[in-house]
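Please explain how this structure is put together, for someone who has not seen it before. Take it step by step, from strands to side chains.

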Amino acid sequence: RRCGLSCVPPRERRFPAPKKRDYTDFSQSSKKPMVALLVATLGVAPAGVARRALGGKPSAAVWNEEIKAAWTQAYASAQGVPANYDIDEIEGRIPSALRGTVFRNGPGNFERGGQRYEHVLDGDGLLCRWSLDGATGRARFASRFVRTPEYAAEEAADTVLHRNTFGTQPASGPLGELENAFDLVLKNPANTNVQSWGGKLLALWEAALPCRIDPDTLEYVGRETFDGLLPDGALTVASGIGPEVDASLGLGVAFTAHPREDRKRGRVVGWSWAAPLVGSSLSVTVHEWDAASGALLASTPTALPSAIAPHDFALTDSWYIFALNAMQLNLFPYVLGLTGPVGALRTTGEGAVLVLVPRPGGAAAGREPLTVRTEDPYFAIHHAVACEEPRGGGGGSDGETIRLYTAAWPVVGAGPFLGDWGGDVPLYDDGKINPTLLLETTLRLREGGASLERSYVAGGACIDH
């Protein structure tokens with residue numbers, strides 16, 4: 001058997017670099033109240049991007065009927081799962097010194113009982129494992145769906161039983177979609193990432209607790225709380241009164257789908273969050289573990305000036321960095337069962353907000369978090385890396401310079417969040433889906449705020465986000 005990939009290089013597009021801007025710290029400014037019970041922001045292109053599409057229709061060289069058919073096939077449900085076999089056909093030779101295992105996770109099942117899921121990111125998580133042994137020249141492949149209790153129940157009933165983030169809902173009855181009203185518990189598809197530290201393999205989705213996986217069998221083991229560190233509840237909501245009240249109400253937290261490895265210190269860094277019952281401040285706690293033993297080393301509680309959780313974060317020696325996209329939440333259609341939580345989101349076309357939280361043991365330890373509000377209406381998807389430059393290395397009055405590299409859509413207007421990425425297969429026929437660019441943000445910290453510059457990396461070439 002054979003596992004292989006093929007790809008078509010995208011066209012390169014170039015854009016003018018934005019002007020240098022100067023921003024101040026608005027961390028003490030007033031905030032508009034917002035009610036938020038449960039929402040997670042996943043990495044999809046908002047409709048606002050369509051209103052400012054960069055470039056026209058794709059050329060026939062990169063988007064034609066043959067490529068479209070192959071692209072659509074990528075969103076077909078995986079067959080032959082579970083699988084576990086030797087890969088018989090290998091092109092070339094595995095280096096003799098190469099031995100190890102690669103795990104991957106992503107949506108792999110897009111339908112249930114003849115009902116196609118409303119969006120590809122509602123797809124059930126499919127774990128894949130490639131094991132390579134260069135000494136013997138062998139390679140082996142295995143795969144299995146993340147069989148959470150929700151997945152097992154829907155498989156047994158052969159129907160959609162749970163509400164989903166991107167709009168997939170149980171089939172409606174006489175009252176239509178209103179039959180889903182006030183059912184605020186979302187299915188955890190466990191389809192975003194897979195990470196391992198401290199002897200644990202975890203399938204991740206950012207609006208729930210991690211799913212612990214047996215690395216040998218790929219079987220689902222259970223929800224991971226890290227020895228009770230993360231409260232397990234049906235809703236990822238904070239009452240604002242205290243953890244005891246939250247526990248009595250059955251409230252819990254979610255864990256990021258994108259923890260970060262700090263190889264310099266041998267640590268893994270991740271964060272848990274809970275949406276506010278009332279207000280506009282997201283409760284966040286950043287945790288650091290020893291990567292080898294899994295021992296908890298530090299926990300830093302903080303708050304982000306948004307009721308909507310970011311999809312990713314970055315870290316340096318001294319800071320945790322969060323980029324908050326400009327979005328608004330109209331919760332009532334979701335509460336009434338008319339849409340999933342993502343369908344209740346709108347992009348505003350306003351500038352992104354950067355929040356820098358001091359990291360324990362770093363040079364910024366003991367300082368207050370720094371909030372930098374920008375006028376740049378870009379939409380951050382994932383961060384590649386962040387780094388600090390030495391004091392005196394061209395920084396501001398404090399001598400601190402931070403560079404953040406982000407995969408993003410460069411211009412986002414106002415509109416519904418899903419937009420051209422709505423539907424069961426995203427298509428590029430009209431060229432409205434924005435290219436993803438790698439952005440370099442340079443922050444020069446100074447007393448009371450920061451100056452900021454942003455530029456495009458790699459000549460504005462479109463990259464995989």
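## A sheet and its side chains

In this predicted model, four strands form an open sheet in the order β8-β9-β10-β11, and their pairing is antiparallel. Two strands pair on one side only and so mark the edges, namely β8 (193–197) and β11 (220–223). On average, neighbouring strands of the sheet are turned by 30° against each other, direction ignored. Strands of a sheet pair through backbone hydrogen bonds, either parallel or antiparallel.

Within this sheet, β10 (residues 211–213) pairs with β11 in the antiparallel sense, over three bridges. Ile213 has Tyr220 of β11 as its bridge partner. Strand β10 also takes part in a side-chain contact, for Arg212 and Glu224 meet in a salt bridge, 3.7 Å from N to O. Because Arg212 lies in strand β10 and Glu224 in the loop between β11 and β12, this pair ties together parts that are 12 residues apart in sequence. Glu224 counts as buried at 6% relative accessibility, while Arg212 is partly exposed, with a relative accessible area of 31%.

The loop between β11 and β12 (237–238) also holds Phe226, which brings in the aromatic rings. A pair of aromatic rings is described by the distance of the centres and the angle of the planes. The structure holds 16 aromatic pairs. In one of them, the ring centres of Phe226 and Phe255 are 5.7 Å apart and the planes stand at 55°, so the pair is tilted. Phe255 belongs to strand β13 (residues 254–255), so the two rings tie together parts that are 29 residues apart in sequence. Phe226 is buried, at 9% relative accessibility, and Phe255 is buried too, with a relative accessible area of 0%.

Another tilted pair is made by Phe379 and Trp409, with 5.8 Å centre to centre and 50° between the planes. Here Phe379 sits in strand β24 (residues 379–389) and Trp409 in strand β25 (residues 400–409), so that distant parts of the chain, 30 residues apart, are linked. Both Phe379 and Trp409 are buried. Ring pairs also build a cluster, made up of Trp197, Phe226, Phe255 and Trp289. A charged side chain can lie over a ring as well: Arg112 is over the face of Tyr151, at 5.1 Å from the ring centre.

## The nonpolar cores

In soluble globular proteins, nonpolar side chains tend to be buried together. In this model the largest nonpolar core has 42 residues, and those with the most contacts inside it are Trp273, Val284, Tyr320 and Phe322. Several elements give two or more residues to this core, including β15 (267–276), β16 (282–290), β19 (319–324), α5 (332–335) and β24. The most comes from β15, which gives four residues. Another core lies apart from it, with 23 residues, among them Ile321, Tyr378, Ile402 and Ala450.

## Charged pairs

Side chains of opposite charge can pair when their charged atoms come close. There are 23 salt bridges in the model. Asp86 and Arg140 form one of them, at 2.9 Å from N to O. Asp86 is in strand β2 (residues 83–86) and Arg140 in strand β7 (residues 138–145), so this contact ties together parts that are 54 residues apart in sequence. Asp86 is partly exposed, with a relative accessible area of 29%, and Arg140 is partly exposed as well, at 31%.

How far apart are the closest N and O atoms in the salt bridge between Lys187 and Asp124? They are 2.5 Å apart. Lys187 lies in the loop between α3 (149–157) and β8, and Asp124 lies in strand β6 (residues 124–133), so the parts tied together are 63 residues apart in sequence. Lys187 has a relative accessible area of 2% and is buried. Asp124 likewise counts as buried, at 2% relative accessibility.

Salt bridges can also join into a network, as they do for Asp262, Lys264, Arg265, Arg267, Glu288, Asp317 and Arg359.

Notes. Residues numbered from 1 in each chain as written. Predicted model: local features only at pLDDT ≥ 70, side-chain atom pairs only at ≥ 80, totals over all residues. Heavy atoms only, no water. Axes fitted to C-alpha atoms, helices over the stretch in contact; angles between N-to-C directions. Phe/Tyr/Trp six-rings, centres within 6.5 Å; stacked < 30°, edge-to-face > 60°. Buried < 20%, exposed > 50% of the residue type's maximum accessible area, 1.4 Å probe, protein only. Lys NZ or Arg CZ within 6 Å of the ring centre and 35° of its normal. Core = buried A, V, L, I, M, F, W, Y, C linked by side-chain atoms within 4.5 Å. Salt bridge = Lys/Arg side-chain N within 4 Å of Asp/Glu carboxyl O.
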